Amino acid sequence: MKTIIVVGNGMVGYKFCEKFVSHEKSKNFQLVVFGEEPRPAYDRVHLSEYFESQDAKALEMAPKEWYLENKIELVTSERVLDINRDSKTISTSKDRIFSYDYLVLATGSSPFVPPIKGVEKKGVFVYRTIEDLEGMLAYAADLKKTKPNAKAAVLGGGLLGLEAGKAVLDMGLEPHIVEFAPKLMPRQLDSRSSKVLQLKLESIGLNIHLSKATNQILGNGSIEGMEFGEDDLLDVDMLIISAGIRPRDELAKTCGLEIGVRGGIVVNNKMQTADEHIYAIGEVALLNQMIYGLVAPGYDMADVAVKQILGETEPDMPTDIDMSTKLKLIGVDVASFGEPFMPASKGHSIIYEDKTKFLYKRINVSHDRKKLLGGILVGDASDYNMLHQVYLNGMPIPEEPAQLILPSSDGAASFGNVMDLPDEAQVCSCESVTKGQICGVIENGEAKDLADVVSCTKAGTGCGGCKPMVKDITEATLKSLGIEVKDSICEHFDYNRQDLYKIIQVKGYTTFNEVLDNHGNGGHGCELCKPVVASLMASIHADTANKEYAIQDSNDRFLANIQRNGTYSVVPRVPGGEITPDKLIALGEIAKKYDLYTKITGGVRVDLFGATLRQLPLIWKDLIAHGFESGHAYGKSLRTVKTCVGSTWCRYGMDESVSFGIELENRYRGIRAPHKIKGGVSGCIRECAEARGKDFGLIAVEGGWNLYVGGNGGANPRHAELFAEQIDNETVIKYLDRYLMLYMRTAKPLQRTAAWQERLEGGIEYLKEVVIEDKLGIAKDLEEEMQTLVNKFECEWTQAVNNPEMMKRFNHFVNSKEEDDNLVFVPMREQKMPEPWK
């Protein structure tokens, strides 16, 4: 029996073992694995999760028992020191010698520590192993005992540096990121996307220092600061170095294997070194003159090496390796694929940027606009998997490629369905799983749900970036076979929004923690489930956003829309667009009093821009004194009911559209829903209120009102569909009560009525059966639920200004009433605007 020795038990070393034992020829070999760490291989990709759980077992790729069961000899806490190629032996730190027939070097990489004066001081760490993290936690705990406001810096603003930044946040220290380059993630992002990422990270508490070359680390024994130049200092109490990696190629050097100029063991596309009996895989291997630091190429290398050693001639590693990647850094989506940086000579770039929402999307397309060549996504990478597949498989793109990244008002994608992908499309690059394999295990009965698919194919078990697409393909395949699919809202709940609605309603829960404790999967919740539960509480109990403001989206938390310079806009309700001269004068006087920019909105209201957080309650108080209330422009709720003047003034008007619009807006004001709701009432078929572009719209005709539902404006405008004809006011309200409550009960989070209606099995005809004909016998329940919400309405602004405890959150600083002195405005057309970004 021949012996294979693997030096290194990291993720790639483990993957070699996994691929080896699954091969039918493995029984002819003995496999011995050496790891210098005291534990078996663990998941370094998700290393930062250790700060939350401090459970090393949870990160294990496989327990020690797995190695025993598969007859693999695992040697831990023992370092290999030397290779004798002539005798085909290795020697270890315990003076033991082992013989091999094949040797696989999977030694990975080590953190690069710049030669900075003082780097040896106490409190300076590298970010690489669980032991490193344990040392950081212990040091941070001691720090906080004597210095509660201790600061920690991370040297390096790349991928690992930002992960280390999250670690600093998790340890409860004030975080600082120090980067030599003029931008964050310089290898993955262009300047504009990097700036958007920086703004987002700063908004959640990270302090970013760019273009900083560290001269020395200050302190007497322990770190006390960093010096960048004369009078350029940063006081810190701890430093984490994450300035890149270097291949662990020292073993190869000692035995004379070929090494690259900048390090790394030179290999061919069979992963062989200069010695045909020695292979190198992972971050230590220099393939195509490159070190590949991603998991997926490392796993492919392990697969190739296994097959070569076991006598297969195929496959070889390709010369062109896809380096596309999707990550979540400190809760922020970041992704790049194909050619993220592309010269104008090769194609065109299309960019969508919204700094108010910390979003940046860039795609690069061919000159003929027919091929997708690459792109960058920051802030929202939900479309990454599909864009990546379109790029990889050369799939056709829309005539207007910008549709691929422009925001859609209904959440619909512009590139079709996942089932349009060819069967050979590689969905999971870490495990080389294709769409055909996923569909196959479902169709042949091996898999009955997503967990089974993952178990059978291992798709999604690597970096995790492909999980959304694996889920979509699984669900689409199950549905095609007539199998019901449940769609949970996030990892904290095994329920979709509709399920949680019923649970909260039946159980009578009134807080997020009650729902999480009784029906969640542990943890503290996330940015997905918290706003969903908050919306459900509002839809069921008429709770305002003030009750549990900590679980609200950012705008709901402060009852106003945050703008690009950190100020807020205030939109009071003007039902139906009707306003008295006195109220118009009051709006003008309040705007002048607080020096606010004013504009008429698309919903025919007055928007007041430029309010600071501390000013918000003061402005609301003045507005309330003049008879105004919250317009809920910040919430997923009814915004406006737009009206024309109707028969009150217009010679063409067939009914009193203004009065009915006011009645409807006052009825549904403040009602929280899966997405925003807009209405319109036109007094005749000339449609001056654009009612057919709203979630619900009414047009006066001979004999009553025609009711339309499921329309919207935005990037993908939809005309509302005719729902009922020639009905009176009372019937309109009855049908709308039922329709809106059914939508609020059953739609997915952030799904507009148009998308909900379109995806509803049976479509508009089914809706008519349920709402008009009461096919399900729930009409009375829907009406009563809506009436309860109507009866319980309370203005959130009034509630906030009358409650001293609620008022405490409207300060820019938690410990001071001072304003933000960084706000800069410039003149514009007799008003003002925020200073443009440079």
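What follows is a walk through the confidence, cysteines, cavities and a handful of individual residues of this structure.

The model is a predicted one, and its protein chain comes with a mean pLDDT of 91. Some 98% of the residues reach 70 or more. Confidence peaks in strand 7 (residues 102-105), where the mean is 98, and it bottoms out, as far as these elements go, in helix 2 (residues 50-53), with a mean of 75. There is also a stretch, residues 409-413, over which the pLDDT falls below 50. In the model this stretch still makes 13 contacts beyond its near neighbours in sequence. Where pLDDT is low, though, the predicted coordinates are not to be read in detail.

On to the cysteines. The disulfide count comes to zero. Cys-644 takes part in no disulfide, and the nearest cysteine sulfur to its own belongs to Cys-688, 5.7 Å away. Seen from the other side, the closest cysteine sulfur to that of Cys-688 is the one in Cys-644, and because the two sit 5.7 Å apart, they are too far from each other for a bond. A sulfur pair would have to come within 2.5 Å to count. The surroundings of the two residues can be set side by side as well: Cys-644 is buried, at a relative accessible area of 15%, whereas Cys-688 is exposed, at 57%.

Inside the protein, four cavities of 30 Å³ or more turn up. The largest cavity holds about 140 Å³ of space. It is lined by 14 residues, and those closest to its centre are Ala-542, Asp-543, Gly-670, Ile-671 and Phe-793. Sorted by class, the lining of this largest cavity comprises six charged, five nonpolar and three polar residues.

Next come a few single residues, starting with Tyr-708. This tyrosine belongs to strand 35, which covers residues 704-709. Tyr-708 counts as buried because its relative accessible area is 11%, below the 20% cut-off. Setting aside neighbours within four places in sequence, Tyr-708 contacts Arg-692, Asp-695, Phe-696, Gly-697 and Ile-699 on the earlier part of the chain, along with Ala-720, Glu-721, Leu-722 and Phe-723. Gly-693 is 15 residues away from Tyr-708 along the chain, and the C-alpha atoms of the two are 9.2 Å apart.

Glu-578 is a loop residue, placed between strand 29 (568-570) and helix 17 (581-593). With a relative accessible area of 52%, Glu-578 is exposed. Once neighbours within four places in sequence are left out, Glu-578 is in contact with Val-658 and Ile-662. The C-alpha atom of Glu-578 is 9.1 Å from that of Val-645, a residue 67 places away along the chain.

Ser-432 also sits in a loop, this one between strand 26 (426-428) and strand 27 (433-434). Its relative accessibility of 30% makes Ser-432 partly exposed. Residues up to four places away in sequence aside, Ser-432 touches Asp-300, Gln-426 and Gln-437. With Asp-300, the separation along the chain is 132 residues, while the C-alpha atoms of Ser-432 and Asp-300 are 7.7 Å apart.

Backbone geometry brings up two aspartates. Asp-95 has a phi near 60°, a positive value in a residue that is not glycine. Asp-95 lies in the loop that links strand 5 (89-92) to strand 6 (97-99), and it is exposed, at 74% relative accessible area. Asp-595 likewise has a positive phi, near 55°, without being a glycine. The loop that holds Asp-595 runs between helix 17 and strand 30 (597-600). At a relative accessible area of 48%, Asp-595 is partly exposed, as it falls short of the 50% that an exposed residue must exceed.

Definitions and conventions: Residues are numbered from 1 along each chain as its sequence is written. This is a predicted model: local features need pLDDT of at least 70, side-chain atom pairs count only at pLDDT 80 or more; totals for chains, interfaces and linings use all residues. Side-chain values use heavy atoms; hydrogens and water are left out. pLDDT is the predictor's confidence in each residue, from 0 to 100. Helices (H or I, at least four residues) and strands (E, at least two) are DSSP runs, numbered from the N terminus. Contact means heavy atoms within 4.5 Å. Buried means under 20% relative accessible area, exposed over 50%, partly exposed in between (1.4 Å probe, protein chains only). On a 1 Å grid over the protein atoms alone, a cavity is a set of points where a 1.4 Å probe fits but cannot get out, and a pocket is an open set with protein on both sides within 12 Å along at least five of seven lines; lining residues have an atom within 4 Å of a point. Grid points are joined across faces, edges and corners, and a volume is the space filled by probe spheres set on the points. Ala, Val, Leu, Ile, Met, Phe, Trp, Tyr, Cys and Pro count as nonpolar, Asp, Glu, Lys and Arg as charged, and the others, Gly among them, as polar.
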